[in-house]
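Biologist: I'm new to this one. Could you show me the structure and walk me through it?

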Amino acid sequence: MFLVSVPATSANVGAGFDCLGLALSMRGNFIFRQIDQGVSIKGCDKSYCNEDNLVYVAFKKTVESIQGSISGVEITIDCNIPLQRGLGSSAVCIVAGCVGANALLGFPLSLDDIFAICTEIEGHPDNVSPAIFGGLTLSFMSNGTPITIPYEVHPSLHFMAVVPKTTISTKEARAILPKQLSYEDAVFNIGHCAGFLRGLETGNPDLIKISCGDRLHEPYRKQLIPEYEPLHKLCQQFHALALLISGSGSTMLVISDTSHSLEQIKQKLSLTCDVTCHLLSVEQKGVIVKEVI
Ligand code: HSE
């Protein structure tokens with residue numbers, strides 16, 4: 001029997017659309033136990049307790065990908081990561097299923113193999129990369145192979161995920177993006193992405209502030225999030241360094257160099273908006289697997 005623990009992730013991280021991802025200190029835990037036959041899923045809403053559960057889909061695909069065989073599996077889920085809110089819940093399920101299968105098969109796969117399988121299932125590597133490797137990662141595809149590069153985040157930085165009640169499907173949030181973009185916007189994002197990475201690495205507040213813009217997705221997606229503008233105003237009032245849309249939303253990530261300013265934003269925001277705020281840190285460890293009795 002194995003416990004698999006996977007962190008939530010925030011993709012895009014400003015100007016790094018579809019490339020950057022950050023693992024956060026919020027985890028989903030999954031126990032995999034081999035049984036005589038069939039599939040038994042416990043611990044989540046009944047509507048997810050079937051073979052269409054993404055954890056099981058990834059589990060099954062992983063077993064098939066190496067032509068392995070497992071008689072049956074019981075999966076017990078303990079995961080409070082909000083669904084369809086841009087915190088990488090689908091990557092969490094996919095990574096858990098893949099790593100759970102690998103464990104029950106006796107660990108034939110490397111982390112790079114797992115990364116490739118999970119990226120294929122998810123369709124893009126930006127969430128699965130930090131969910132597997134932890135920390136801040138830049139990832140992209142090279143000739144069909146997912147590549148990941150780790151980046152540092154300065155320990156002086158504090159993070160707060162602001163999670164609205166509204167769900168947003170990634171499909172819907174991708175459909176509203178324009179099909180083409182200008183050279184000017186592409187250049188803007190290249191410069192801001194590189195600057196922001198250096199800002200996060202050094203903790204330089206001025207650099208983080210000046211390079212936190214994005215023109216590829218945030219201008220379009222913020223219209224789907226009514227809480228964006230009130231939060232933006234509070235971020236300015238209480239001197240946050242950056243406000244980002246986490247993945248395809250609706251969660252927004254606030255970065256500050258003091259936990260006090262995040263507390264103030266949280267308190268004021270609760271007076272006007274129905275959101276849940278989580279004070280988080282960067283999770284340096286990605287997926288964890290251990291044998292349990
Ligand atoms: N990079 C993706 C997007 C993350 O923003 O659409 C969501 O899965």
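Biologist: How many disulfides are there?
Modeller: A disulfide here is a pair of cysteine sulfur atoms within 2.5 Å. This is a predicted model, where local features need pLDDT of at least 70, side-chain atom pairs count only at pLDDT 80 or more, and totals for chains, interfaces and linings use all residues. Residues are numbered from 1 along each chain as its sequence is written, and side-chain values use heavy atoms, leaving out hydrogens and water. By that rule, the count of disulfides is 0.

Biologist: Which cysteine sulfur is nearest to that of C93?
Modeller: C93 is in no disulfide. It counts as buried (under 20% relative accessible area, with over 50% exposed and partly exposed in between; 1.4 Å probe, protein chains only), at 17% relative accessibility. The nearest cysteine sulfur is 5.9 Å away, and it belongs to C79.

Biologist: Why is C193 not bonded to C19?
Modeller: C193 is buried too, at 15% relative accessibility. The closest cysteine sulfur to its own is in C19, but that's too far for a bond, at 6.8 Å.

Biologist: On to the ligand: which side chain has a polar atom 2.5 Å from a ligand nitrogen?
Modeller: Polar contacts are pairs of N or O atoms within 3.5 Å. An oxygen of the ligand is 2.8 Å from a side-chain N or O atom of N12, and a ligand oxygen is 3.4 Å from one in H124. The 2.5 Å contact to a ligand nitrogen comes from D126.

Key. A polar contact is a pair of N or O atoms within 3.5 Å; within protein, one must be able to donate a hydrogen and the other to accept it, and residues adjacent in sequence count only if both atoms are side-chain atoms.
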